[in-house]
Amino acid sequence: MGAIYRREIGAFFTSSIAYVFLAVFDIICGFFFTMDNLASSSVNLAGVFSTMFIISIFLIPILTMRLFSEEKKQKTEQGLLTAPVSLTGIVLGKYFAALTIFLIAVSIGFLYGVILSIFGTVAWMTLFSNFLAIVLVGGAFIAVGLFVSSLTENQIAAAVGGIVCLLLFFLIDLLAARLSSVTWLQNILYDLSFYTRYYEFTCGIFNLSSVLFFISVAVLFNFFTVRVFEKRRWS
């Protein structure tokens, strides 16, 4: 897994995807930080972290789109599958490489906290709660994007497919709100809601079930990705 991880980290930076992702992510976050916090003299970073959630829906699939689709397009997939590395190690190596880039991007939240501490009192525990939430969400989103990338050799298709999947997860709340007459189904949808669980953290509420939910989603989609390649290895 370590060799795959190092290879993918290097590929992210040599292909400039990491630079583009980090620049776009942090420029957008910086804009909202300026508008929501510096311009209004607020030390509450919940709005910035909510923005991170929204832009992750669109940027994470771009980060993950090449991880497996490029292997198929360049015909290096068979070499990867026959390498002396387990399929789980291959998937997790690529997964943690993408997660590392994402962690670098969201770490700017701590810089915002330091800047705001100059002007007022920052609720650091709430900031850590927000950071944990966006990392958990990002980990789940990356696993979904990785799975979609494993299904196609077209990077654009992988990016669009990933965005569509993540938007569907985000829109679960809207669907649930329209099903007030079917209480049992509405409750199930709210339990599956990414944003509702995420929003709890932005308010400083630590919910262990939400932590387990995001980790379970990441594990499940990484498992799906492994299964995709197990099928290809023996086909």
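Guide: A helix here is a DSSP run of H or I with at least four residues, and helices are numbered from the N terminus. The model is predicted.

Visitor: In which helix is the place of R197?
Guide: Look at residues 194–202, which form one helix. R197 has its place there, in helix α12.

Visitor: Is R197 buried or exposed?
Guide: The relative accessible area of R197 is 14%. Buried means under 20%. At 14%, therefore, R197 is buried.

Visitor: With which side chain does the side chain of R197 make a polar contact?
Guide: Start with what R197 touches, leaving out residues up to four places away in sequence: D191, S209, S210, F213 and F214. A polar contact needs a pair of N or O atoms within 3.5 Å. The side chain of R197 has such a contact at 3.4 Å, and the partner is the side chain of S210.

Visitor: Which helix gives the most to the largest nonpolar core?
Guide: This core has 64 residues. Those touching the most other members are F12, F21, F25, M52 and I134. The top contribution is 14 residues, from 124–149, which is helix α8.

Visitor: Which residues does F25 touch, not counting those up to four places away in sequence?
Guide: F25 is among the core members with the most contacts to other members. One of the residues F25 touches, M52, is in that same group. The full list for F25 is M52, I55, S56, L59, F102, A105 and V106.

Visitor: T51 lies in helix α3, but is T51 buried or exposed?
Guide: T51 touches I28 and F32, not counting residues up to four places away in sequence. Its relative accessible area is 11%. The cut-off is under 20%, so T51 is buried.

Visitor: How far apart are the C-alpha atoms of F221 and L146?
Guide: F221 lies in helix α13, residues 208–233. Along the chain, F221 and L146 are 75 residues apart. In space, their C-alpha atoms are separated by 8.1 Å.

Visitor: With which residues is F221 in contact, leaving aside neighbours within four places in sequence?
Guide: F221 counts as buried, at 15% relative accessibility. Its contacts, with those neighbours set aside, are A143, V144, F147 and F169.

Visitor: Which helix gives the most to the nonpolar patch?
Guide: On the surface, V114, W124, M125 and F128 form a nonpolar patch. Together they have about 430 Å² of accessible area. Three of the patch residues come from one helix, α8.

Visitor: What is the relative accessible area of W124?
Guide: W124 has its place in helix α8. Partly exposed lies between 20% and 50%. W124 counts as partly exposed because its value falls there, at 32%.

Visitor: Where is the place of S16, a residue with positive phi?
Guide: Most residues other than glycine have a negative phi. Phi of S16 is near 70°. S16 counts as partly exposed, at 35% relative accessibility. Its place is in the loop between α1 (2–14) and α2 (17–38).

Visitor: Does S41 count as buried or exposed?
Guide: Phi of S41 is near 55°, again a positive value in a residue other than glycine. S41 sits in the loop between α2 and α3 (46–64). Exposed means over 50%. S41 has 69% relative accessibility, so S41 counts as exposed.

Methods: Residues are numbered from 1 along each chain as its sequence is written. This is a predicted model: local features need pLDDT of at least 70, side-chain atom pairs count only at pLDDT 80 or more; totals for chains, interfaces and linings use all residues. Side-chain values use heavy atoms; hydrogens and water are left out. A nonpolar core is a set of buried Ala, Val, Leu, Ile, Met, Phe, Trp, Tyr and Cys residues joined through side-chain atoms within 4.5 Å. Buried means under 20% relative accessible area, exposed over 50%, partly exposed in between (1.4 Å probe, protein chains only). Helices (H or I, at least four residues) and strands (E, at least two) are DSSP runs, numbered from the N terminus. Contact means heavy atoms within 4.5 Å. A polar contact is a pair of N or O atoms within 3.5 Å; within protein, one must be able to donate a hydrogen and the other to accept it, and residues adjacent in sequence count only if both atoms are side-chain atoms. Patches are made of residues with over 30% relative accessible area and no salt bridge: like charges are joined within 9 Å, nonpolar side chains (Val, Leu, Ile, Met, Phe, Trp, Tyr) within 5 Å. Accessible areas come from the Shrake-Rupley method with a 1.4 Å probe; for residues, only the protein chains shown count as cover. A salt bridge is a side-chain nitrogen of Lys or Arg within 4 Å of a carboxyl oxygen of Asp or Glu.
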